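This briefing goes from the chain as a whole to a few of its residues. The sequence and structure come first.

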Amino acid sequence: MVKDNWTMCPNCSFPALNSELMSLLESSETVCPMCSQSMAASDVKLIKDPSQYLKTADKD
């Protein structure tokens, strides 16, 4: 995952590379590879700032 190419499944919130998920949806696949729920390319949104989804390690 990279910060400038981040998206998530609109059904299960599984993170994905936006470019790869869009390529998959433009092909014959119209389901999430993780949850197998239907989705359309218009349902997939690029997340410009994924920092809220990133967990940082606590340092002691």
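Asn5 sits in the segment before S1. The model is a predicted one, and its chain holds 1 helix and 2 strands. Their order along the sequence is β-β-α.

**The chain as a whole**
- The C-alpha trace spans about 50 × 20 × 15 Å along its principal axes.
- The chain has 60 residues, and 25% of them count as buried.
- Its exposed area is about 4,500 Å², with 50% of that supplied by carbon and sulfur atoms.
- Of the contacts between residues at least 6 apart in sequence, 41% join residues at least 24 apart.
- The chain carries 5 positive and 8 negative charges, and the mean positions of the two groups lie 8 Å apart.

**Asn5, before S1**
- Asn5 is buried because its relative accessible area is 15%, and the cut-off for buried is under 20%.
- The side chains of Asn5 and Ser19 make a polar contact at 2.8 Å.
- With residues up to four places away in sequence not counted, Asn5 touches Ala16, Leu17, Asn18, Ser19 and Leu46.

**Thr7, in S1**
- Strand S1 covers residues 6-8 and includes Thr7.
- Thr7 has a relative accessible area of 0%, so this residue counts as buried.
- A polar atom of the Thr7 side chain lies 2.6 Å from the backbone oxygen of Lys45.
- Neighbours within four places in sequence aside, the contacts of Thr7 include Phe14, Pro15, Ala16, Leu17, Asn18 and Leu21.
- Thr7 is also in contact with Val44, Lys45, Leu46 and Ile47.
- Ala16, Leu17, Asn18 and Leu46 appear among the contacts of Asn5 and also among those of Thr7.

**Cysteines**
- The count of disulfides is 0, where a disulfide needs two cysteine sulfur atoms within 2.5 Å.
- Cys12 is in no disulfide, and its nearest cysteine sulfur, that of Cys9, is 3.7 Å away.
- Cys35 is likewise in no disulfide, with the sulfur of Cys32 as the nearest cysteine sulfur at 3.7 Å.
- Cys12 has a relative accessible area of 32% and is therefore partly exposed.
- Cys35, at 24% relative accessibility, also counts as partly exposed.

How values were computed:
Residues numbered from 1 in each chain as written. Predicted model: local features only at pLDDT ≥ 70, side-chain atom pairs only at ≥ 80, totals over all residues. Heavy atoms only, no water. Helix = DSSP H or I, 4+ residues; strand = E, 2+ residues; numbered from the N terminus. Buried < 20%, exposed > 50% of the residue type's maximum accessible area, 1.4 Å probe, protein only. Contact = heavy atoms within 4.5 Å. Areas by Shrake-Rupley, 256 points an atom, 1.4 Å probe, with all protein chains shown as cover. Lys, Arg positive; Asp, Glu negative; His and termini not counted. Charge placed at Lys NZ, Arg CZ, Asp CG, Glu CD. Polar contact = N/O pair within 3.5 Å; in protein donor to acceptor, adjacent residues only side chain to side chain.
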